[in-house]
Amino acid sequence: MSRTSEAPTTGTISTTAAAPARRPRLIAVDAARGLALIGMIAVHILPAHDPDTFEPTLQWTLFGGRAAALFALLAGLSLAFSSGGRAPHRGRALTATRAGLVVRALLIAAAGLAINQVMPSPAPALGILVYYGAFFLLAVPLLGLRRRTLAAVAALAAVLGPVLVHVLGPALPQAEAVNPTLGSALADPGATLAQVLLTGTYPAVPYLTYLCAGLLLGRTDLHEVVVRVRIAVAGVVLALGAWFVYWVLVLQAGGYDQLLRHTPWLSEDQVDEILVWGPSPDLPTSTWWWLLTPGPHSNTPVTLLMDLGTGLAVLGLFLLVARPNRLWTTLGAMGARTLTLYSAHLLALATTLHYEDRVLWFAVHVAVAAGFAVLWQATFGQGPLERVIAAAVRGTRRLVLGTPSRTAESPRA
């Protein structure tokens, strides 16, 4: 959704030195975003449970909550690329990058509001674009931070974000629309702001966990094999560690009984549904034990760390195995144009045709997205919506820097 794992085309502007040599493009980053796009399409179209056994389906197990987390992680990575990579922008160049990011955030949020406005009710999907804009706005002051500080902010967001949702959520105004629209924002701006920051499906404050982790990764040398191995291993350890905390404290040490005791209006089956499919719509706040549950989109510390670990493992694996063949090139072409493809996917969902044959329409959405991405890449390069936003960002940067000259490219991650 963000303009690039096009790592980066909005480059650094340096007034004191020549641009550093460009590094080879990392197709793995684009491909990981392409996989996240496919995961979002699967979650939006395919069923979450088997109609006969009522067990979660494979696509839900793989992508429920995790596809959105991977998107946010890669958004942070892209922000690192476009703000200097391993040599973060400083001074006026950093100011220009921050101004460009504000423009990017506002344009993406505006696109999300417009798309949500035409969505039918009940909505066939919970769009992430408006939240994406909020992610980027919150990231503006983070661009110049060092890696240790980014790690600390990510850890703080993983703990404090869910705590704020738990404590403040019931007291905040509740949005009527499941997807923020221009109409709902104008009618009740306070509820919309609360929804985007804390109480919605993809709340920006907890999601800073993923964004900061991506920024941190973008400050490392992803071309080094040892770095790639560390990312993959760290992801596996983090995901398993978070799940182990849940298993010990909730399933073995009495936490599950506490959930039932302090949430008596929910049956055991209903509690299990939240653990498997996530809250609908909000996670109960009757006891702090809920913050140890792993349900998709629960946005608890356990969920955030599990999904971050999964995203790191996927990215690390892709960095290790991705090669410029047809499969990876197709995934990469999709991943470099996710803003265009995701927007088109949501607009297609608004027709509600996919309810007739979900498997068929999932295949159609993925096939059209892949075909369009490959053909557009070969013919025009950057995606249409990506191109518009990139032009606005470049113009903003030049205004801040006070020069019409071409920008020097940032080092590729």
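**Helix α17 and its surroundings**

In this predicted model, helix α17 covers residues 384-401, and because each residue should add 1.5 Å, its 18 residues are expected to span 26 Å, which agrees with the 26 Å that separates the C-alpha atoms at its ends. Seen down the axis of α17, the buried residues fall within an arc of 130°, so they line one face of the helix. Those buried residues are E386, I389, A390, V393, T396, R397 and L401, and they pack against two other helices, α4 (91-117) and α15 (338-349). On the face of α17 turned away from this buried side, the exposed residues are V388 and L399. Just after the helix comes G402, which takes a positive phi of about 70°.

From α17 the reader can turn to helix α16, which runs over residues 358-379 and holds A378. Is A378 buried or exposed? With a relative accessible area of 67%, A378 is exposed, because that value lies over the 50% cut-off. The C-alpha atom of A378 is separated by 41 Å from that of G295, a residue 83 places away along the chain.

The interior of the model is another matter to consider. In soluble globular proteins, nonpolar side chains tend to be buried together. Here the largest nonpolar core has 89 residues, and within this core I128 and F135 touch the most other members. Helix α3 (residues 66-82) gives the largest share of this core, contributing 13 residues. Apart from the largest core lies another one, of 13 residues, and among its members are Y246, Y256, L266 and I274.

It remains to ask how much confidence the predictor attaches to these parts. The mean pLDDT of the chain is 91, and 92% of its residues reach 70 or more. Confidence is highest in helix α13 (residues 301-321), at a mean of 98, and lowest in helix α7 (residues 182-187), at a mean of 91. Over residues 2-20, however, the pLDDT is below 50, although the model gives this stretch 64 contacts beyond near neighbours in sequence. Residues 405-413 likewise stay under 50 in pLDDT, and for them the model has 40 contacts beyond four places in sequence. Where pLDDT is low, the predicted coordinates should not be read in detail.

How values were computed:
Residues are numbered from 1 along each chain as its sequence is written. This is a predicted model: local features need pLDDT of at least 70, side-chain atom pairs count only at pLDDT 80 or more; totals for chains, interfaces and linings use all residues. Side-chain values use heavy atoms; hydrogens and water are left out. Helices (H or I, at least four residues) and strands (E, at least two) are DSSP runs, numbered from the N terminus. The expected span of a helix is 1.5 Å times one less than its number of residues. Buried means under 20% relative accessible area, exposed over 50%, partly exposed in between (1.4 Å probe, protein chains only). The arc is that of the directions from the helix axis to the C-beta atoms. Contact means heavy atoms within 4.5 Å. pLDDT is the predictor's confidence in each residue, from 0 to 100. A nonpolar core is a set of buried Ala, Val, Leu, Ile, Met, Phe, Trp, Tyr and Cys residues joined through side-chain atoms within 4.5 Å.
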